[in-house]
Every structure is written in structure tokens, then in C-alpha cells.
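Subject: Structure handover

Hi there,

Here is the structure I promised to pass on to you. Please have it open while you read the notes underneath.

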Amino acid sequence: MMEKNQTNRKLGSLLLLIIMMILVSACGGDKGLQADPNNKGDIGEIIDPAEPEPQPEPGFKAPFTGLKLEEKAEARPIAVMVNNYKAARPQSGLTHADIVWEVLAEGGITRLVAIFQSYEGTDKIGPIRSIRPYLIEMGEMYQAVLVHAGASNDGYAILQQQRKQHLDEISNAGPFFWREKFRKPPHNLYSSLEKMREGAQQKKYPDQVLIPAMPFAAEGEVPPATAAGVKAEEIDLYFSLKNYHVSYTYDADKHLYSRFINKEPHIDLDNEQQLTASNLVVLGTRHKTLDDVGRLSVDLTSGGPAMLFQEGKMVECEWVRSTKDDIIRIMKDGQELPFVPGKTYYHLVPLTPSFEEHVTIG
């Protein structure tokens with residue numbers, strides 16, 4: 001009888017223990033199913049993947065390219081007279097220029113005027129050569145400090161009598177230039193933006209000026225006049241000499257024109273990159289030979305015919321310049337044409353025998 005009672009008590013205790021375990025589990029709700037937070041992927045884990053923070057768009061644009069920048073580009077433009085003789089090519093630093101002008105000098109050879117504003121690196125630029133009155137005017141359109149090595153007699157007269165803000169390796173700024181040994185003089189003179197700005201600061205030239213505004217289309221947008229333009233994916237330019245031939249080929253994937261001289265890629269010596277531009281402008285203007293040496297005057301005020309190339313199309317238009325304080329502007333039907341964001345190359349060709357004779361497109 002006692003053994004039976006003991007057995008019943010054991011069964012009762014066991015039953016009570018089972019009931020208590022059930023109650024504790026019930027009171028705990030879903031906690032018993034929750035996973036260890038350190039055990040990834042267990043039942044009950046709530047996965048909340050962190051999404052990357054959206055990166056804000058750059059808040060500024062370069063005034064001469066329309067390209068987006070993280071910081072505002074306020075530096076004063078620098079206009080460098082770049083040697084374009086065969087012995088001076090390939091040049092250094094041209095891939096960093098915002099704008100490049102190509103115009104005839106004496107002897108039928110062209111000179112390049114490279115406008116730097118948004119680039120602030122230390123790469124060398126050159127070879128650097130002399131300046132002419134119309135090259136002075138070209139640089140001053142952009143309120144730039146003029147950088148050169150020597151000048152024609154009338155060029156020096158303008159620089160000195162009108163107190164132009166310039167850096168000349170020969171007359172007033174020699175320490176801010178250097179000569180490289182891998183080329184023979186006079187095709188071996190170089191400087192850098194760092195040196196040029198140091199020289200301008202020493203001369204107490206203003207480091208900030210009112211930079212002229214250039215119109216740009218929105219990124220990825222094709223201006224209406226361009227959309228209606230003529231297909232132009234191969235461009236050939238002739239300035240004066242038959243043995244000097246500039247051409248461009250359009251790359252539709254990159255939206256860029258690649259530059260060639262005498263059918264060879266025109267590259268930057270230092271980085272071996274081919275020169276490219278988003279916009280090409282060809283301007284027809286009056287050229288006049290002044291002396292037996294072949295020095296020229298080039299009209300930069302009267303206006304005339306022009307062609308604008310962008311996005312693989314050509315637009316027939318005209319160039320105008322309302323005042324000497326303004327840049328040359330490209331117009332059609334009374335409206336200024338916008339550039340697409342990127343670098344712009346201008347080419348000044350004579351009006352004789354005809355403007356169209358200097359340009360072939362395909």
C-alpha cells in the first residue's frame with residue numbers, strides 16, 4: 001500500500017513539473033523562437049540591410065567647360081602661347097586646357113593658345129613661344145594672365161605701353177620658366193600652372209577676375225540646332241600649308257572628337273593621351289600679311305561665318321563679338337548656341353580664297 005502511494009506521488013510530481021514547464025514556455029511568448037543575434041540566418045532573425053547613402057551631385061560647374069566640380073573654380077584664367085612647330089610636337093599639358101585656340105602665325109604655321117582655368121595640377125606646359133597682338137587680344141577675352149616667351153615689335157609695344165598683365169620668359173618673368181634637355185632651343189621652354197600663378201602673385205596681378213559666361217546645354221542633352229544639323233563625323237581642316245593637315249574623328253560612344261595632325265594622333269607628351277574635345281568651332285576671319293617675314297593681323301571683332309561641331313553634327317552659324325571686353329560668341333538666327341559640357345577647340349581660318357575651302361566634312 002505504501003509502495004503504491006509512493007508511486008502515485010512520483011507520478012504527480014512528474015505531472016506537476018510538466019505542467020510548470022508548459023506554463024513557463026507559454027508565458028515567454030515568441031521569445032523561445034528568437035534566434036541568437038550573433039547567429040545569422042536563424043529562424044526569427046529580422047534582416048535589415050543598410051542601403052548606401054546616395055551621393056550628392058557636385059554643386060559647381062567649371063565656367064569654361066560646364067563640367068561638374070566638387071568646389072567652385074574661381075582661379076584667374078591663364079592663357080599660354082604654345083609652340084606648334086613640328087619640332088615642338090607632341091606638346092605637354094594640352095589635355096588639361098579648358099579651351100584651345102588654333103590660329104595662323106608667320107610662315108603658315110599655326111600657334112595654339114591654351115586657356116587654363118579649372119585645372120590646378122603641377123604638370124609641365126609647353127613648349128612656350130612668342131606672342132602677337134591678336135594673340136594678346138585672344139587671351140584677354142578671357143581676362144587671362146598672358147604667358148609667352150618674347151613678342152613681335154608691335155606685340156611688345158602693346159604689352160609695355162598698355163601695361164598688360166603678362167609673364168614673359170625674356171623680359172619680366174624668367175625664373176618662372178625652365179628649359180628641358182630632350183629638345184633643342186627654341187622648342188624646349190616650359191612652365192607649369194604652379195609656377196605661372198607664383199609669378200602672377202609676385203607681380204601682384206589680381207588672382208580673381210570677372211570670368212565671362214559661356215552657355216552650356218544640360219548634361220546628356222543635344223541642343224535643338226545640333227539635332228537638326230548635318231552629319232559630321234570626319235572633319236578635315238586646312239589653314240595655309242598643304243603639308244599641315246588637321247583632322248578630327250568623332251567617337252559616338254565617348255561623345256568626343258579626337259584630334260589628328262597629318263593623320264597621326266595628336267597626343268600629350270606627358271600622359272600619352274590623344275587630344276579630344278566635345279565642341280569644335282571653325283571661324284572665318286580676315287587675315288592680313290604685314291611684312292616680308294609673314295607676320296599677320298587677324299580680325300577678332302568684325303564677325304563672320306562659322307561652323308559648330310558637336311555630337312557628330314555640324315551647324316552653320318556665325319561668330320560675333322559685341323565688345324572687346326567680351327569673348328567671341330557663336331550665333332544662329334539671333335540666338336547664341338550652347339556648347340555641350342566638355343572642352344572646346346576653336347580654329348581661325350582665312351576668308352580667302354573662301355571660308356568653305358578650308359573645311360571638309362564627312
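Below is what I found, going from one strand and its partners to the aromatic rings and then to a single glutamate.

Please keep in mind that this is a predicted model.

**Strand E12 and its partners**

Let me start with E12, which covers residues 234-238. Its side chains alternate: Ile-235 and Leu-237 point to one face and are buried, whereas Glu-234, Asp-236 and Tyr-238 point to the other face and are not buried. That fits the general pattern, since side chains in a regular strand alternate between the two faces of the sheet.

E12 pairs with two strands that I looked at. With E13 (residues 245-251) it runs antiparallel, joined by 5 bridges, and the two make a hairpin with 6 residues between them. Within this pairing, Glu-234 stands opposite Thr-249 of E13. E12 also pairs with E25 (residues 359-361), again in the antiparallel sense, over 3 bridges. Here Asp-236 has Thr-360 of E25 as its bridge partner.

**Aromatic rings**

The model has 7 aromatic pairs. One of them joins Phe-182 and Tyr-190, which are tilted at 45° between the planes, with 6.0 Å from centre to centre. The two residues differ in exposure: Phe-182 counts as partly exposed because its relative accessible area is 45%, while Tyr-190 is buried because its relative accessibility is 0%. A further pair, Phe-339 with Tyr-346, is edge-to-face, with 6.4 Å between the centres and 75° between the planes. Both Phe-339 and Tyr-346 are buried. They also belong to a cluster, linked by ring pairs, that includes Trp-101 and Phe-216.

Tyr-190 has a charged neighbour as well: Lys-124 lies over the face of its ring, at 6.0 Å from the ring centre.

**Glu-336**

Finally, have a look at Glu-336, which is located in strand E23 (residues 335-336). Its relative accessibility is 30%, so Glu-336 counts as partly exposed. Leaving aside residues up to four places away in sequence, Glu-336 touches Pro-215, Arg-329, Ile-330 and Met-331. With Arg-329 there is a polar contact between the two side chains, at 2.9 Å. Cys-317 is 19 residues from Glu-336 along the chain, and their C-alpha atoms are separated by 9.6 Å.

Happy to go through any of this with you.

Best wishes

Note on methods
Residues numbered from 1 in each chain as written. Predicted model: local features only at pLDDT ≥ 70, side-chain atom pairs only at ≥ 80, totals over all residues. Heavy atoms only, no water. Helix = DSSP H or I, 4+ residues; strand = E, 2+ residues; numbered from the N terminus. Buried < 20%, exposed > 50% of the residue type's maximum accessible area, 1.4 Å probe, protein only. Contact = heavy atoms within 4.5 Å. Polar contact = N/O pair within 3.5 Å; in protein donor to acceptor, adjacent residues only side chain to side chain. Phe/Tyr/Trp six-rings, centres within 6.5 Å; stacked < 30°, edge-to-face > 60°. Lys NZ or Arg CZ within 6 Å of the ring centre and 35° of its normal. Pairing = 2+ DSSP bridges.
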